[in-house]
Amino acid sequence: MNRTKGDEEEYWNSSKFKAFTFDDEDDELSQLKESKRAVNSLRDFVDDEDDDDLERVSWSGEPVGRRTRPGSFQSLSDALSDAPAKSYAPELGRPKGEYRDYSNDWSPSDTVRRLRKGKVCSLERFRSLQDKLQLLEEAVSMHDGNVITAVLIFLKRTLSKEILFRELEVRQVALRHLIHFLKEIGDQKLLLDLFRFLDRTEELALSHYREHLNIQDPEKRKEFLKTCVGLPFSAEDSAHIQDHYTLLERQIIIEANDRHLESAGQTEIFRKHPRKASILNMPLVTTLFYSCFYHYTEAEGTFSSPVNLKKTFKIPDKQYVLTALAARAKLRAWHDVDALFTTKNWLGYTKKRAPIGFHRVVEILHKNSAPVQILQEYVNLVEDVDTKLNLATKFKCHDVVIDTCRDLKDRQQLLAYRSKVDKGSAEEEKIDAILNSSQIRWKN
């Protein structure tokens, strides 16, 4: 998109734009980890606020891209928000309207020094290419990101893009500032032309991919993403782009089907728990939660099946179990929760297994108001004794506390806990019976 002089001047007057930095270390920019937004977006589907149980992963669990040379993208998120953090100098005020020319005698060095001090001065007197390049080199030598960008705005306006690109190709510091500035003002067309001129194919591909953010229609966005699949990304980035396309393609199918089911009013889950938002363009982990909430029992062959999603996008067991537990516990589907952790060995014996740890299972169950009998069952499965006692005490699983103190032969702790149960309750009677037993050799 083309920018007017007014758009460029807005750069200096808007706090959302940050100056470039000369720091050597890369900024800690956000990686493409969609679950970062997933927890908040879950509230769009259900009313409860205990959706923070979802682990944070990206489509395949890794960041995208690597910085291979100055000015190249560190990650796919860099293509979306590659913003250097700060400048050596404070932000300079830039006047609106035309520059005022105080003197025609200022050298490029004098002009740059005045700009650095925030003083008003005209750049229009620098008409020859030699003068303009000398002005740029003086700005770079000052190590002031604001001044460099001011000069670049002038050059962008007064030079053809072919000449500008050619001269910046051998001036890497200025080139990085221009790339940053073009991203800030959203001049995608000139940015693509620049990457094409520099033959920086991967950055060209990433910059092209960024354009999907401006496409609101799901079908058009899907078709655009399809054109990105064959672009010259790194192998790792290509996998993410393919996953993004596949996920949106699947969401479109699920959304159309579920909208029909919901409007028909014949499906119990949609009647009891109406959807509050569309699944379109949601992150993978949100889509998995949605699938576990509305389509948990579907056959693996369907696009909306949680198991199908797990296999298609290679979702790790821990992530899958954590998400399924959050969804089924929210629905108070305790039988599904039990089945989620029940495994059978080759001899046919069953046992409980939790890849996320039973202590975490207990926390999630409690947040979803699980009955005390269910809580006690899973608290008992926590292996670490101290953790088990802490959880049992915290969630008032009296039998677990009493039995654990008995097994530890800890009379003092049992006596202390006796004061925490109700007078005349079954728990107090149980404690008294244990304390009076002659079969236990107490350790204290």
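**Close-up views of a predicted model**

Helix 14 crosses helix 16 with a right-handed sense. The model is predicted.

**View 1. Packing of helix 14 against helix 16.** Helix 14 spans residues 284-294 and helix 16 spans residues 317-330; the angle between them is about 45°, and their axes lie 8 Å apart. The two helices are therefore oblique to each other. On the side of helix 14, the contact is made by Val285, Leu288, Phe289, Cys292 and Phe293. Helix 16 contributes Gln319, Tyr320, Thr323, Ala324, Ala326, Ala327, Arg328 and Lys330. Sorted by type, the residues of this contact are nine nonpolar, two polar and two charged.

**View 2. Packing of helix 22 against helix 23.** Helix 22 (residues 411-418) and helix 23 (residues 426-435) pack at about 155°, and 10 Å separates their axes. An angle over 145 degrees counts as roughly antiparallel, and helix 22 and helix 23 are therefore roughly antiparallel to each other. The crossing of helix 22 with helix 23 is left-handed. Arg411, Leu414, Leu415, Tyr417 and Arg418 of helix 22 meet Glu428, Ile431, Asp432, Ile434 and Leu435 of helix 23. Six of the residues in this contact are nonpolar and four are charged, with no polar ones.

**View 3. Ser369 in the loop between helix 18 and helix 19.** Helix 18 covers 358-367 and helix 19 covers 372-379, with Ser369 in the loop that joins them. Ser369 has a relative accessible area of 48% and is therefore partly exposed. Apart from neighbours within four places in sequence, Ser369 contacts Arg332 and Trp334. The C-alpha atoms of Ser369 and Ala329 are 8.6 Å apart, while the two residues are separated by 40 residues in sequence.

**View 4. His143 in the loop between helix 5 and helix 6.** His143 sits between helix 5 (129-141) and helix 6 (145-158), in the intervening loop. Most residues other than glycine have a negative phi. The phi of His143, in contrast, is positive, near 55°. His143 has a relative accessibility of 43% and so counts as partly exposed.

**View 5. Lys396 in the loop between helix 20 and helix 21.** The flanking elements are helix 20 (385-394) and helix 21 (398-408), and Lys396 is found in the loop between them. Lys396 is not a glycine, yet its phi is positive, at about 55°. The cut-off for an exposed residue is a relative accessible area over 50%; Lys396, at 57%, is therefore exposed.

**View 6. The chain as the setting of the close-ups.** The chain holds 23 helices and two strands. Of its 444 residues, 49% are buried. Among contacts in the chain with a separation of 6 or more, 62% join residues 24 or more positions apart. The exposed area of the chain is about 22600 Å², of which carbon and sulfur atoms supply 48%.

Conventions
Residues numbered from 1 in each chain as written. Predicted model: local features only at pLDDT ≥ 70, side-chain atom pairs only at ≥ 80, totals over all residues. Heavy atoms only, no water. Axes fitted to C-alpha atoms, helices over the stretch in contact; angles between N-to-C directions. Helix = DSSP H or I, 4+ residues; strand = E, 2+ residues; numbered from the N terminus. Parallel < 35°, antiparallel > 145°, perpendicular 65-115°, else oblique. Left-handed = near helix turned anticlockwise from the far one by under 90°. Contact = heavy atoms within 4.5 Å. Nonpolar A, V, L, I, M, F, W, Y, C, P; charged D, E, K, R; others polar. Buried < 20%, exposed > 50% of the residue type's maximum accessible area, 1.4 Å probe, protein only. Areas by Shrake-Rupley, 256 points an atom, 1.4 Å probe, with all protein chains shown as cover.
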